[in-house]
Amino acid sequence: MSQRSALPEWQHLQQCALRARSRHLRDMWQSGDRAAEFSRQAGPFFMDFSKQRLTGADRDGLLALARACGLEQAIGDLMAGVAVNNTEERAALHTALRADAHEQVFVDGRNVVPAVHASLERMDTMVTRIHSRQWRGYSGKPIRDVVNIGVGGSDLGPVMVCNALGEFTPPEAHELKLHFVSSIDGTQIADLLGSLKPETTLFIISSKSFTTVDTLSNARTALQWMLEETGDHAMTLNHHFIGVSTRADRMSEWGIPAANQIEFWEWVGGRFSLWSGIGLPVALQIGMKGFRDMLAGARFMDQHFRHTPLADNLPVLLGLIGVWNATFLDIRAHAVLPYDGRLKVFPSYLTQLEMESNGKSVSRAGETLDYSTCPVLWGDVGPNAQHAFYQLLHQGTQAVSSDFIAPLKRYGDHHSSTDLQVQHQLALANCLAQSRVLMLGDACVENGDSAPEFRRYRGNQPSTTLLIDELTPYTLGALVALYEHKVFVMSVIWDINPFDQWGVELGKQIADATFLAMKFSGSGDAAAFDGSTAALLARIKKAGRKPS
Ligand code: F6P
């Protein structure tokens, strides 16, 4: 038995879960004001978790488990710069990236907040120069297109935010177009370069490690494309390349001039790095003021997380519900369903945040866990997903939990069209309807249970509904921080380190070896690979051989 599952609080919850498994959500509404008891407001968020398969006693049991796991202490440690990333022996201080200038956060005896604010100032200077057309391409023309080259945490956060907050682009950024390139196969960059002009294009090479082959191969292609036009290495790099990384030495080695570098720190996890220089594309799109508003929203959530009692603490509740579903009720799939097209990329962003963080099966002490951890997470814009995968949620064989996310206000003062306001109401109506049917099944319509079997809905699929006052840089910052902290809460209960990702390393090594075998054919190749891989490799080599 693992340390966690040996806890009396854990075992008590297992008993609660046995009862919960035989209960249907439609039968949980008989007494009391469940909607009020299982909902909380914090700042711009209203969180309704009354559609979870959770009684008051279950919730209290989860809170008792959280205390037994030392959650309050763990939150303090996280924010105080303790080396919570034990396998890499370092802190995970994304919260310091949004600290106020007067705050103090120490890493190895040094207050890191001044360096964080100096980096923000540096970003500010670059953004101002680009927006004000002082930053010019090699031929003297202002920059029109900015291409962020990165992958994973050096891509998904900026892509997600730029998609969500396009409406907040200030006038000075109206003529600037942001593009994102991440995939190693070259399709994205080849398509994009075909539509850009070198003299007005600026590349941001974003990589925490500055070793990621996906990013460096795209960067090389971009540099080559520029050089074909300019023929001048130094001039090209000075005018057309910015680097963002923790490794100034590697950026310099690659050729990025010191003046074009933004540094951040090892104690920022890749998937938590949106708030650092990695957010430069966001600042270019919504301006530094918008970027700072986003930091302020995240800071609000940090304070809420740090100081609110567990029972009223949104990330704590969201995390405990996640553990309840995945571990105790054995619900192994989780859908994220925003009812707002601006949040289209949010589910993809969360796939990395949640699955790369908590997709683990070994405890901090190295023991193999005897319970399930992170569920498979996916999602899409809810109204579109209704016409794609909701069939499985309603009538499939699989239990799935969901988060429904929607803004209360949309198309306000600056939109005159009432048609758009009607569209917003339609989206909200669909949001409520779907979560209701998922909960109740066909019990929500008269004589629903007399329909033929193929038309029946069994319901009992739990969900949380998160209403946001409106989507702004501030509330989006708070929303992302809410999920970051949710992930941390789950990791504490599961006793795992959410800040490393050793599981992705082996694949990278093997890919390097495979690439070499593909490029340089040696006689021993086939023996070095398993039968399937050797045969596929042979077929690929044959296809690549030029006809004689
Ligand atoms: O391979 C996974 C990973 O290391 C992620 O954790 C990270 O966000 C991504 O690759 C990109 O890494 P980097 O920013 O160092 O290029």
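Ala, Val, Leu, Ile, Met, Phe, Trp, Tyr, Cys and Pro count here as nonpolar, Asp, Glu, Lys and Arg as charged, and the others, Gly among them, as polar. On that scheme, the shell around the ligand splits into two nonpolar, eight polar and three charged residues. The model is a predicted one, with local features needing pLDDT of at least 70 and side-chain atom pairs counting only at pLDDT 80 or more, while totals for chains, interfaces and linings use all residues. Numbering runs from 1 along each chain as its sequence is written, and side-chain values use heavy atoms, leaving out hydrogens and water.

Of the 13 residues around the ligand (a heavy atom within 4 Å of it), Ser-154, Ser-207, Lys-208, Ser-209 and Thr-212 come nearest. Polar contacts (pairs of N or O atoms within 3.5 Å) tie the ligand to a few side chains. A ligand oxygen sits 2.6 Å from a side-chain N or O atom of Ser-207, and Ser-209 offers a side-chain N or O atom to a ligand oxygen, also at 2.6 Å. For Lys-508, the corresponding distance is 3.0 Å. Taken alone, the ligand exposes 390 Å² (Shrake-Rupley method, 1.4 Å probe), and the protein buries 87% of that.

As for the wider layout, the protein is divided into domain 1 (8-68 + 308-417 + 467-494), domain 2 (94-284) and domain 3 (512-544), with bounds from an automatic or database domain assignment. The C-alpha centres of domain 1 and domain 3 lie 44 Å apart.

How values were computed:
Polar contact = N/O pair within 3.5 Å; in protein donor to acceptor, adjacent residues only side chain to side chain.
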